[in-house]
Amino acid sequence: MLGYDDKRNFFRMMVNSVCELKIQDGESTRTAQAVCKDISASGMSFELEESGLELGTLINVYIESTNSQIPSLTADTKVVRCDAVDENSCTLGVEIIEMK
């Protein structure tokens, strides 16, 4: 039987980079910092120091590049998974809607 990681459609690249999230909660937008753990062609995962977000929440992600040969990343995403790590943090899985 294949494990969950073996069923992925795209290879995941480990990133472990600080990023800025613009979280669209209803009609307001707020900014938070998170750690992008990995990225693939269709999604990303983050560690976020706050309690869970609702599935479907829209998030604009910005990851600044420290290498002049690699451009910074900006993407519009949607929360598809939110797992509590403890009462003050969670792991988010997001689907990439659009790369900018």
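In strand β6, the bridge partner of F46 is L92. Strands here are DSSP runs of E with at least two residues, numbered from the N terminus. This is a predicted model, in which local features need pLDDT of at least 70 and side-chain atom pairs count only at pLDDT 80 or more, while totals for chains, interfaces and linings use all residues. Residues are numbered from 1 along each chain as its sequence is written, and side-chain values use heavy atoms, with hydrogens and water left out.

The pair F46 and L92 belongs to the contact between β3 and β6, which run antiparallel and are joined by 6 bridges. Two strands are taken as paired if DSSP finds at least two bridges between them. On its other pairing, β3 is joined to β2 by 5 bridges, and these two strands also run antiparallel. A34 stands opposite L48 of β3. The connection from β2 to β3 is a hairpin through 3 residues.

From β6 the path can be followed to β5. These two strands run antiparallel, with 10 bridges between them, and a hairpin through 2 residues joins β5 to β6. A75 stands opposite M99 in β6, and K78 has E95 as its bridge partner in β6. A75 also has a residue opposite it in another strand, namely V61. That position falls under the pairing of strand β4 (residues 58–63) with strand β5 (residues 73–86), where 6 bridges join strands that run antiparallel.

How do these pairings fit together? The 6 strands close into a barrel in the order β1-β2-β3-β6-β5-β4, with antiparallel pairing. The twist averages 45 degrees from one strand to the next, where axes are lines fitted to C-alpha atoms and angles, which run from 0 to 180 degrees, are taken between N-to-C directions.

The next topic is the nonpolar core. The term stands for a set of buried Ala, Val, Leu, Ile, Met, Phe, Trp, Tyr and Cys residues joined through side-chain atoms within 4.5 Å. Buried means under 20% relative accessible area, exposed means over 50%, and partly exposed lies in between, with a 1.4 Å probe and protein chains only. Which members of the largest core touch the most other members? Of its 21 residues, they are L21, M44, F46, L48, I59 and L92. Each of β1 (13–25), β2, β3, β4, β5 and β6 supplies at least two residues of this core.

L92 shows what such a position looks like in detail. Leaving aside residues up to four places away in sequence, L92 touches M44, S45, F46, L48, L53, I59, V79, R81 and C82, contact meaning heavy atoms within 4.5 Å. The strand β3 is mostly covered, since 5 of its 6 residues are buried.

The charged side chains give another view. A salt bridge is counted when a side-chain nitrogen of Lys or Arg lies within 4 Å of a carboxyl oxygen of Asp or Glu, and by this rule there are 6 of them. One of these links K37 and E47, with an N to O distance of 3.9 Å. K37 lies in strand β2 (residues 28–39) and E47 in strand β3 (residues 43–48), so the pair ties together parts that are 10 residues apart in sequence. Both ends count as partly exposed: K37 has a relative accessibility of 24%, and E47 has 38%.

Another salt bridge is formed by R30 and D25, at 2.5 Å from N to O. R30 is partly exposed at 28% relative accessibility, and D25 is likewise partly exposed, with a relative accessible area of 28%. D83 and R81 form a further one, their closest N and O atoms being 2.8 Å apart. Here D83 is partly exposed at 36%, and R81 is partly exposed at 33%. Through shared partners, salt bridges also join D25, R30 and E50 into one network.

One backbone detail remains, in strand β1, where N16 is found. Most residues other than glycine have a negative phi. N16 is not a glycine, yet has a positive phi of about 50 degrees. Is this residue buried, partly exposed or exposed? With a relative accessible area of 47%, N16 is partly exposed.

Note on methods. Helix = DSSP H or I, 4+ residues; strand = E, 2+ residues; numbered from the N terminus.
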